[in-house]
Amino acid sequence: MVANYRAVVESNEKINAKIYKTVFRLIEPVLMEFKAGQFINILVAPNTRRSYSIGSSPAQNTKLDIYTDVTPGGPGSKFFEAAKAGDEASFIGPLGLFVYEDNENSKAIFIATGTGLAPFYSMICYALETLKSKREIKLYLGFRYEEDCFLLDELEMLEEKYSNFSFCLTLSKPSDSWRGNSGYVTKYLEQDLKEDLGEDLKSGLKQNLKDELDQDLRQNLKKELNQQIKQDSKKKELLDAYICGGQAMITSVNEFLINKGISPDNIYSEKFF
Ligand SMILES: Cc1cc2nc3c(=O)[nH]c(=O)nc-3n(C[C@H](O)[C@H](O)[C@H](O)COP(=O)(O)OP(=O)(O)OC[C@H]3O[C@@H](n4cnc5c(N)ncnc54)[C@H](O)[C@@H]3O)c2cc1C
């Protein structure tokens with residue numbers, strides 16, 4: 001239930017050049033029941049409020065972890081830069097409908113840039129550690145520079161522990177020494193969806209159909225191609241996509257997924273700015 005909360009800052013740590021991890025311990029009420037993906041609306045200055053996704057799992061409901069990018073430099077950023085252990089804060093929550101729904105029959109893909117990772121970290125921890133979900137979960141994570149990255153050790157640990165979870169990190173503006181993936185998340189999504197949907201197999205079959213073949217073989221190939229197309233449309237229904245970050249990224253990923261035939265009903269997004 002949505003309520004007014006009073007909390008105390010238990011810790012506030014600068015975890016990279018621009019991101020703070022702030023842990024709030026709830027005072028009144030002492031616990032918040034929320035769904036993975038929800039956010040709180042904090043009073044950051046007199047008459048000034050900002051929204052922040054809860055980055056910790058709902059399994060932990062007496063403390064909330066918030067990850068804030070302070071680059072915008074406005075009242076919200078200033079509030080988190082200045083916060084120190086022992087400070088009191090007040091917020092409204094839990095808010096929002098961008099929440100994780102477990103569905104063991106479908107694959108879940110999460111696409112985040114920057115602090116858009118926060119609600120997904122909550123969702124992924126909750127799905128794997130609390131629900132013990134067996135569904136395939138893949139996170140596509142985009143940052144600009146190496147120094148923007150955060151929560152990578154935690155994600156690597158989850159990847160090691162759970163065979164159904166993996167993540168793909170890519171940097172849009174890496175330094176020359178970067179040896180990992182580079183470019184936008186859609187590049188890696190494209191590759192994976194191509195594999196998932198058997199695009200290579202389909203185009204091979206189509207190519208063979210064009211070639212000179214005897215009648216029987218042609219019939220068999222046609223059957224195989226039709227079967228593959230049927231399987232694909234099932235797979236497209238069996239995929240839930242969650243997107244979080246800035247509006248421009250959300251729009252482009254959304255368009256990209258729809259062009260790949262993913263139903264808009266299976267795409268969920270949360271805009272931070
Ligand atoms: C539902 C929801 C959840 C959110 N969760 C988080 C979260 O978990 N962590 C987080 O850091 N932010 C989150 N935000 C964004 C946050 O509410 C603030 O907008 C942000 O902290 C900037 O506030 P400010 O007062 O410092 O700057 P403002 O003075 O309000 O904003 C200055 C400008 O910066 C833009 N801006 C805001 N955020 C960013 C950004 N990350 N990168 C580039 N430009 C930006 C704004 O659109 C505005 O034009 C969330 C927003 C929403 C709506």
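Me: What makes strands E3 and E4 a hairpin, and which residue in the turn has a positive phi?
Reply: E3 and E4 form the hairpin with two residues between them. Asn-47 in the turn has a phi of about 55°. This is a predicted model: local features need pLDDT of at least 70, side-chain atom pairs count only at pLDDT 80 or more, and totals for chains, interfaces and linings use all residues. Residues are numbered from 1 along each chain as its sequence is written.

Me: Why are E3 and E4 said to pair?
Reply: Pairing needs at least two bridges found by DSSP between two strands. E3 (residues 39-45) and E4 have six, and they run antiparallel, so they pair by that definition. Ala-45 stands opposite Thr-48 in E4. Strands here are DSSP runs of E, at least two residues; helices are runs of H or I, at least four; both are numbered from the N terminus.

Me: Which strands pair with E7, and in what sense?
Reply: E11 (residues 239-245) pairs with E7 in the parallel sense over six bridges. E8 (residues 137-143) is also joined to E7 by six bridges and runs parallel. Ala-112 has Cys-244 in E11 as its bridge partner. Phe-110 stands opposite Leu-139 in E8.

Me: Why is E7 called mostly covered?
Reply: Six of the seven residues of E7 (107-113) are buried. Buried means 20 or more other C-beta atoms within 10 Å of a residue's own; exposed means 12 or fewer, partly exposed in between, with C-beta atoms placed from the backbone.

Me: Why does the length of H7 agree with expectation?
Reply: The expected span is 1.5 Å times one less than the number of residues. For the 13 residues of H7 (247-259) that gives 18 Å; the end C-alpha atoms are 18 Å apart, so the two agree.

Me: Why do the buried residues of H7 line one face?
Reply: Met-249, Ile-250, Val-253 and Leu-257 are buried. Seen down the axis, the buried residues fall within an arc of 95° (taken from the directions from the axis to the C-beta atoms), so they line one face. Exposed residues on the other side include Gln-247, Glu-255 and Asn-259.

Me: Why is the ligand placed between two domains?
Reply: Domain 1 (3-95) and domain 2 (107-197 + 232-271) both give residues to its shell, so it lies between them. The bounds come from an automatic or database domain assignment.

Me: What makes a residue part of that shell, and how many are there?
Reply: Its C-beta atom, placed from the backbone, must lie within 6 Å of the ligand. The shell has 22 residues; Gly-74 and Phe-273 are among the closest. E4 gives the largest share, four residues.
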